[in-house]
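This report describes a single protein chain, beginning with its charged pairs and then turning to the fold and the surface.

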Amino acid sequence: MKFIALVYIDPTLMSALPAGEEDAWMRDCLSKADTLKENGALLASQILEDAATAKSIRVRAGRTVITDGPFAEAKEVLGGFNLIEAETMEEALGIARSFPWAATGCIEVRPVRDIEAVRRRVMS
């Protein structure tokens with residue numbers, strides 16, 4: 001079963017880390033990711049650019065509005081994701097827990113819906 005681990009960070013807490021700490025965390029995180037990929041537990045992962053680079057699109061009553069920044073103002077912003085292969089939610093949570101980012105934000109773990117099953121259902 002696939003799970004997405006959405007990594008939210010608090011930029012204030014990240015900027016308060018001692019010099020070099022973020023890079024040390026990243027080295028540790030990348031090493032763990034390499035091992036998880038080798039074991040087939042990590043299918044994909046990406047880091048997002050700063051939230052200030054985002055654009056949000058909303059269409060309401062046929063009118064499109066594009067705004068700068070993330071969807072909503074929040075203390076924690078989406079910083080990246082990991083696509084995990086695990087047998088259970090508990091296993092996926094264990095994998096997500098092994099990354100350091102929960103100390104400066106939150107890691108939301110959510111099952112991924114099988115889009116091909118949805119396609120078969122709605123397209124038949």
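With which residue does K2 form a salt bridge, and how far apart are the closest N and O atoms? The partner is E85, and the closest N and O atoms of the two residues are 3.9 Å apart. K2 belongs to strand β1 (residues 2-9) and E85 to strand β5 (residues 77-85), so this salt bridge ties together parts of the chain that lie 83 residues apart in sequence. The distance falls within the 4 Å cut-off that defines a salt bridge here. Both ends of the pair are partly exposed: the relative accessibility is 39% for K2 and 27% for E85. The model is a predicted one, and the values given in this report are to be read accordingly.

**Salt bridges**

By the rule applied, the count comes to five salt bridges. Three of them, including the pair already described, are set out below.

| Pair | N to O distance | Location |
|---|---|---|
| K2 and E85 | 3.9 Å | strands β1 and β5 |
| K32 and D28 | 3.3 Å | helix α2 |
| E116 and R119 | 3.2 Å | helix α4 |

The K32 and D28 pair lies inside one element, helix α2 (residues 21-38), where the two residues are four positions apart, about one turn of the helix. K32 has a relative accessibility of 27% and counts as partly exposed. D28 is likewise partly exposed, with a relative accessible area of 34%.

In helix α4 (residues 115-123), E116 and R119 are three residues apart, which again corresponds to about one helical turn. E116 counts as partly exposed at 38% relative accessibility, and R119 is partly exposed with a relative accessible area of 44%.

Across the whole chain there are 15 positive and 19 negative charges, and the mean positions of the two sets are 10 Å apart.

**Fold and overall dimensions**

The chain has four helices and six strands. Read along the sequence, these elements follow the pattern β-α-α-β-β-β-β-α-β-α. The C-alpha trace spans about 50 × 35 × 20 Å along its principal axes. Among contacts with a separation of 6 or more, 73% are between residues 24 or more positions apart. The K2 and E85 salt bridge, with its 83-residue separation, links parts of the chain across such a distance in sequence.

**A buried residue in strand β5**

Strand β5 contains N82 as well as E85. Is N82 buried or exposed? At 9% relative accessibility, N82 counts as buried, whereas E85, at 27%, counts as partly exposed. Leaving aside residues up to four places away in sequence, N82 touches F3, I4, A5, V7, L42, A44 and S45. Strand β1 covers residues 2-9, and the residues touched by N82 include F3, I4, A5 and V7. The K2 and E85 salt bridge also joins strands β1 and β5.

**Surface**

Of the 124 residues of the chain, 26% count as buried. The accessible surface comes to about 8600 Å², and 56% of this area belongs to carbon and sulfur atoms. One nonpolar surface patch, of about 310 Å², is made by I57, V59 and I66. Within this patch, V59 lies in strand β3 (residues 55-60).

Conventions: Residues numbered from 1 in each chain as written. Predicted model: local features only at pLDDT ≥ 70, side-chain atom pairs only at ≥ 80, totals over all residues. Heavy atoms only, no water. Patch = residues over 30% accessible without salt bridge, like charges linked within 9 Å, V, L, I, M, F, W, Y side chains within 5 Å. Areas by Shrake-Rupley, 256 points an atom, 1.4 Å probe, with all protein chains shown as cover. Salt bridge = Lys/Arg side-chain N within 4 Å of Asp/Glu carboxyl O. Buried < 20%, exposed > 50% of the residue type's maximum accessible area, 1.4 Å probe, protein only. Contact = heavy atoms within 4.5 Å. Lys, Arg positive; Asp, Glu negative; His and termini not counted. Charge placed at Lys NZ, Arg CZ, Asp CG, Glu CD.
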